[in-house]
Amino acid sequence: MSRYDIAIIGGGILGTTISYWLSTLYDLKVCVIEKENDAAKHTSSRNTGVVHSPFYLDPIKRKTSAVSSLISHDLWEVFAKKKDLPWSEVGTIEVASNENQHKTLEKYMKWSEQNGIPDNQIELLDSKGLLKKEPNLHAHSGLYCSRDVSTDYGIFTKELQKESEKHGTDFLFNKEVVDTTDDSEAQITFSDDSTLTAKFMINCSGGNSLDIAKQCNLAKEYDDLHFRGEYWIADQSYADLVKTNIYTVARFSEFPFLDPHWIKRSNGTTEIGPNAVPVATPETYEGYAGELNAAVSKIREIFGGNVRRLLTNRSFLSMLSKEFLSSISKTAMVHRVQQFIPKVQPEYFTKHGTAGIRTPIISPKGEFVKDILELVGKNSFHIVNYNSPGATGAPAYSAFLIKKLEDKGFLDYSKKSKESFWNFEEIVDLF
Ligand SMILES: Cc1cc2nc3c(=O)[nH]c(=O)nc-3n(C[C@H](O)[C@H](O)[C@H](O)COP(=O)(O)OP(=O)(O)OC[C@H]3O[C@@H](n4cnc5c(N)ncnc54)[C@H](O)[C@@H]3O)c2cc1C
């Protein structure tokens, strides 16, 4: 049986950045446990690839995510430049289709200031200003943030894995955790019947985090749902119809992860998407649960309690049916994009992009949990609901988390700082 000081479950961007910090701050025996044969095989490679600026995040209700993504922009930039990784400064325009949505943009301008975005990097444009910037973009108004970047988080994660390994972290691949306990220390059992013991366990297993937290008797009253986001790739001759990322003010403020965007990828391609189709597992990248009704009853069957309450929410049901339509029909997704880029046509999109799956958490009240859910066990810490802009915020959030674990007495070891791309003390002071 292997023994570690700290075992991290999940080799996505979160588990890997935490391991990097631990490896540069301490001399500890740390492992990252990953069921796949490589890091970042799931959400951390299957996302929109945007380094988000937190203008759209409520500075109070989503403070942790807002601060993390603000600080992490510069941390990722340093990393990308030092390692020569994708970093494409495309900017983002969030568009409003009417006066009512424009009020949301005005609110975002206030949030932007409160969240610390420099005011020379963000501006409100009217429809003429939008046309001047992007001649094929038609909307009532828009908020242009020049600071947003397109990158490839899968590449970032794998490069950071190498740096973490250089400092002594063991990445244990092809090891699927099937059971955990955290009583006197953390005991982890794998699908091949082998076991591992650690003084402390950090659970960053993405779409499986809630299940693993429940094994340690935490968050029993919470549920989760899985939504697949699908993309379509624009044929290269139409990729530059618009040169900036385009997002739209959310139709349903409770479900901000909906509404297709026009996305400029760091490899020069352009995609539209994602939508949000309910699927049975965090890794159902293909196939449908069936028709809408079948999907709804599948959700009912898999999850009881809270999800049942959520399913009585009318806007949730309306959202489900529209998302299903845009999944089954490319034309329906393109129609949504035509509302702000009228020139796009369904035949411009002939290839599917890479689908990714979000796992929002449902509270005991039957509502989506808004920000990251952190759960403290006896000898474990669990990060649940680590959704967008989680990839953006990972380096600063991980530093903040380590400070939290230090303050709680879980990392009672003397520090041995090694060379790092980022300065831990400077970052944690900003929270
Ligand atoms: C469609 C979509 C678009 C997004 N766009 C953006 C964006 O533009 N910008 C942004 O900042 N964020 C974006 N996000 C969010 C971002 O991608 C996530 O917040 C982030 O990748 C989560 O990282 P993670 O390490 O927590 O999870 P993951 O990347 O899912 O990693 C978890 C790991 O745990 C492993 N694991 C799970 N269960 C077990 C087990 N039992 N045993 C061993 N290993 C296990 C998995 O194999 C996986 O590798 C997007 C997300 C989605 C779905």
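Where do aspartate 407 and lysine 403 both lie, and how many residues apart are they? Both sit in helix α11, which covers residues 390-407, and they are four residues apart, about one turn of the helix. Keep in mind, as you go through the views below, that this is a predicted model.

**View 1. A salt bridge within helix α11 joins aspartate 407 and lysine 403.** The side chains of these two residues meet with N and O 3.0 Å apart. Their surroundings are worth a look too. Aspartate 407 counts as exposed, because its relative accessibility is 56%. Lysine 403, with a relative accessibility of 30%, counts as partly exposed.

**View 2. Glutamate 425 and lysine 415 pair up in a salt bridge.** Here the N to O distance is 3.7 Å. Glutamate 425 belongs to helix α12 (residues 424-429), while lysine 415 comes from the loop between α11 and α12, so the pair ties together parts that are 10 residues apart in sequence. Both partners are partly exposed: glutamate 425 has a relative accessible area of 46%, and lysine 415 has one of 33%.

**View 3. Two loops are linked by aspartate 192 and lysine 175.** The closest N and O atoms of this salt bridge are 2.8 Å apart. Aspartate 192 is in the loop between β10 (186-190) and β11 (195-203), and lysine 175 is in the loop between β8 (170-172) and β9 (177-181), so the contact ties together parts that are 17 residues apart in sequence. Aspartate 192 itself is partly exposed, at 45% relative accessibility.

**View 4. Five charged residues form a salt-bridge network.** Lys83, Glu159, Lys162, Glu163 and Lys166 are the linked members. Side chains of opposite charge can pair when their charged atoms come close. If you would like the overall tally, the model has 22 salt bridges.

**View 5. Cysteine 145 and cysteine 216 are both buried.** How many disulfides does the model contain? The count is zero. A disulfide is a covalent bond between the sulfur atoms of two cysteines. Cysteine 145 has a relative accessible area of 0%, and cysteine 216 has one of 8%. Both values fall under the 20% cut-off, which is why these residues are called buried.

**View 6. The ligand sits in a shell of 37 residues.** Coming nearest to the ligand are Glu34, Ser44, Val50, Asn208 and Thr392. Three contacts are handy landmarks for this close-up. A polar side-chain atom of asparagine 208 is 2.8 Å from a ligand nitrogen atom. Threonine 43 brings a polar side-chain atom to 3.2 Å from an oxygen atom of the ligand, and glycine 49 places a backbone N or O atom 3.3 Å from a ligand oxygen. Taken alone, the ligand would expose 1,000 Å², and the protein buries 97% of that. The elements giving two or more residues to the shell are α1 (13-25), β20 (356-358) and α11. Sorted by class, the shell holds 13 nonpolar, 18 polar and six charged residues.

**View 7. Asparagine 47 contacts the backbone of threonine 43 and glycine 49.** You will find asparagine 47 in the loop between β2 (30-33) and β3 (50-51). Its side chain reaches the backbone oxygen of threonine 43 at 3.0 Å. A polar atom of that side chain also lies 3.0 Å from the backbone nitrogen of glycine 49. Asparagine 47 is buried, with a relative accessible area of 18%. Threonine 43 and glycine 49 have already appeared in View 6, where threonine 43 and glycine 49 each have an atom listed beside a ligand oxygen.

**View 8. Serine 380 meets aspartate 182 side chain to side chain.** The polar contact between them spans 2.6 Å. Serine 380 lies in strand β23 (residues 380-384). Is serine 380 buried or exposed? Serine 380 is buried, with a relative accessible area of 0%.

**View 9. Serine 72 and tryptophan 422 are 350 residues apart in sequence.** In space, their C-alpha atoms are 10.0 Å apart. Serine 72 is part of helix α2 (residues 63-83). With a relative accessible area of 0%, serine 72 is buried.

Terms used:
Residues are numbered from 1 along each chain as its sequence is written. This is a predicted model: local features need pLDDT of at least 70, side-chain atom pairs count only at pLDDT 80 or more; totals for chains, interfaces and linings use all residues. Side-chain values use heavy atoms; hydrogens and water are left out. A salt bridge is a side-chain nitrogen of Lys or Arg within 4 Å of a carboxyl oxygen of Asp or Glu. Buried means under 20% relative accessible area, exposed over 50%, partly exposed in between (1.4 Å probe, protein chains only). A disulfide is a pair of cysteine sulfur atoms within 2.5 Å. A residue is near a molecule or strand if one of its heavy atoms lies within 4 Å of it. A polar contact is a pair of N or O atoms within 3.5 Å; within protein, one must be able to donate a hydrogen and the other to accept it, and residues adjacent in sequence count only if both atoms are side-chain atoms. Accessible areas come from the Shrake-Rupley method with a 1.4 Å probe; for residues, only the protein chains shown count as cover.
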